[in-house]
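Biologist: Please take a close look at one sheet in this model. Walk me through how its strands are arranged.

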Amino acid sequence: MAPPSIYGEPKIRSENGSVFLEVVVTGADVSKIQWFFGADELEENEFLKFSNSDEGGNRTLFVAEIKDFDKPLAGEYKAVFANADGENSAAFTVTAGNAPDFHDKPHIVQRDNGNVIVIKVRAKSHLEMKAEWFKDDKPVKFTDRVKAVVKKDDKDKDGFQFLLEITGPIKEDEAKYKCIVKNSEGQNQQSLNLVFD
């Protein structure tokens, strides 16, 4: 036998917010596949799924699915396959497309002598974008007291300010807040801890 060989071109495709890395390999031992991001070996978790399927003719399709892909996950990925005679690898350069960018770090602004606390995120995108807010990783429940506001950014024509306004802040409002900004090409996120003195 010979070491595994790559059949055709490795592919990168995106679908429903996930990015799929796909490569067809001839003569690979399916128990000896390793995936890497940069120099770090990857392990499956809730955001990363590995699979393989028999394509016939001693060929195997290996797939890595990266769920909820956003900009920090862009970079160099590699699949390493082996058999008793050696190993081979396929490299994938994953770019984040034109996901939204942030102008600035998130800020906390106080208004009305501290009666209103605003978490401000400034993002820009050439495509329509929307924001989702999370409190300790659960979606924020909006009420008369806690509101999400979107404003055009007066300093950037492609920019928007995404604001989370909390009126009459109470101790239960202390948490880690996260804002995920999405467009059709990807997503990006910022987070901060809200703590009252």
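**The open sheet**

Modeller: This is a predicted model. Here, 4 strands make up an open sheet, ordered S4-S3-S7-S8, and their pairing is antiparallel. Strand S4 (40-41) and strand S8 (86-94) are the edge strands, each pairing on one side only. In general, strands of a sheet pair through backbone hydrogen bonds, either parallel or antiparallel.

Take the pairing of S3 with S7. Strand S3 covers residues 34-37 and strand S7 covers residues 75-83. They are antiparallel and share 4 bridges. Gln 34 has Val 80 in S7 as its bridge partner. For Phe 36, the bridge partner in S7 is Lys 78.

Now the pairing of S3 with S4. These two strands also run antiparallel, joined by 2 bridges. Phe 36 appears here too: Glu 41 in S4 stands opposite Phe 36. The hairpin of S3 and S4 has 2 residues between the strands. In that hairpin, Gly 38 adopts a positive phi near 60 degrees.

One residue in another strand deserves a look as well. Asn 183 lies in strand S16, residues 175-183. Its relative accessibility is 11%, so Asn 183 counts as buried; the cut-off is under 20%. The side chains of Asn 183 and Ser 125 are joined by a polar contact of 3.0 Å. Leaving aside residues up to four places away in sequence, Asn 183 touches Asn 98, Ala 99, Pro 100, Ser 125, Leu 127, Glu 128 and Met 129.

Terms used:
Residues numbered from 1 in each chain as written. Predicted model: local features only at pLDDT ≥ 70, side-chain atom pairs only at ≥ 80, totals over all residues. Heavy atoms only, no water. Pairing = 2+ DSSP bridges. Buried < 20%, exposed > 50% of the residue type's maximum accessible area, 1.4 Å probe, protein only. Polar contact = N/O pair within 3.5 Å; in protein donor to acceptor, adjacent residues only side chain to side chain. Contact = heavy atoms within 4.5 Å.
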